[in-house]
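Here is a short, friendly tour of the model on your screen. Have the viewer open and follow along strand by strand and helix by helix.

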Amino acid sequence: MSVPHIPRPTETGVESAPRRVTEGSITRWILPILIVVSLLVLLMSGRPDGSGQIPLMVRWLVAAVLAIGAWNCPPRPVMAISLIAVLAWSWIEIDAQKSYDNLPGHLVRLIVTMVMITWVLRTRNQITIAKQLARIDHLTGLPNRQALIEAIERELSRAKRFGRPFSLAMMDCDGFKQLNDQRGHLAGDDALVLIGQSLRQNVRPFDCAGRWGGDEFLIVLSEVDYEDAQVIAERLRASMRHFVERGLPSLTFSLGILIVRQPELGWQECVRQADQAMYDAKRTGPDQTRFVIAPSAHQTSQSDTTSDRQQDVRP
């Protein structure tokens, strides 16, 4: 069985989106500034005591601020801030003591601090990687069900704020059960890997294409209305057939596409309607697409069916 490519988050569409000012970008710049200001206030207010050392309470607060910065700020800024803070700390105490006798102690403090910051950064990175892997399907390398649910919720939230439509495309592999029965489950796994590679190459960077379960795949199409969805659906099915036709000529793909114009539906209802449209397409015949337009939760949906051979619009 082929070893799947495990993509970075930006390759999967899990976190992909057009560039915009977000809470994360604000945190990236504002939080380091707050950390620097906090350290300056602590070091300037913590005057050395009679022994020429900064008071114990201030030392603990400085360590806590550095730990918070290491957990929340980008690595390079926090390493630079930590180095400057410890050097300033040592300079304040050396200036108060008028002596360099405790220089080894200052060096040990610097080493311990940088080791601590490095450990916090490494732990944070490992947790981040674990969270990312928990949202990736390990067979295909695509986002898994949880990541897809989060992507749908993001689109629903964006639709509520800006009134922009989006579409959900549920895709099922026609003939997949026969492939498993005739050539075994390893061949089925290889087919899923190929489909994952094709989806990764044929969706836009800011869309989210993932494996919903079994041989079903879900694609979240950001800001795509009915007209664009028609073009994308046919292009996607054609590219998928071309990608797998050499090794798996019997596979075709049925698509059910839900166009969401008003975000009154929850993600469960969105998936249910897209899934139902996909099963309607499969019942009509293999290699077809069914569209369902859902203007709101309180209005009757309009639907139409298209295939390679015909288009039937129903009110």
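Strands E4 and E5 (residues 288-294) pair in the parallel sense over six bridges; strands count as paired if DSSP finds at least two bridges between them. Helices (H or I, at least four residues) and strands (E, at least two) are DSSP runs, numbered from the N terminus. This is a predicted model, in which local features need pLDDT of at least 70 and side-chain atom pairs count only at pLDDT 80 or more, while totals for chains, interfaces and linings use all residues. Residues are numbered from 1 along each chain as its sequence is written, and side-chain values use heavy atoms, with hydrogens and water left out.

**Around strand E4**

- Within the E4–E5 pairing, Ile257 has Phe291 of E5 as its bridge partner.
- E4 also pairs with strand E1 (residues 166-174), here in the antiparallel sense and over nine bridges.
- Cys173 stands opposite Phe253 of E4.
- Together with helix H10 (residues 267-284), E4 and E5 make a left-handed β-α-β unit; a crossover is right-handed if, with the strands pointing away from the viewer, the path from the first strand over the helix to the second runs clockwise.
- How many residues of E4 (residues 252-260) are buried? Nine of its nine are, where buried means under 20% relative accessible area, exposed over 50% and partly exposed in between (1.4 Å probe, protein chains only).
- In a regular strand, side chains alternate between the two faces of the sheet.
- In E4 both faces are covered: Thr252, Ser254, Gly256, Leu258 and Val260 are buried on one side, and Phe253, Leu255, Ile257 and Ile259 on the other.

**Helices**

- Helix H8 (residues 185-202) has 18 residues and should span 26 Å at 1.5 Å a residue, which agrees with the 26 Å between its end C-alpha atoms; the expected span is 1.5 Å times one less than the number of residues.
- Buried residues of H8 include Ala187, Leu192, Ile195 and Arg200.
- For the 23 residues of helix H4 (residues 75-97), the expected span of 33 Å likewise agrees with end C-alpha atoms 33 Å apart.
- Among the buried residues of H4 are Val78, Trp89 and Glu93.
- Lys98, just after H4, takes a positive phi of about 55°.

**Val65**

- Val65 lies in helix H3 (residues 56-72) and is buried, with a relative accessible area of 14%.
- Val65 and Ser38 are 27 residues apart in sequence, but 7.5 Å apart in space, C-alpha to C-alpha.
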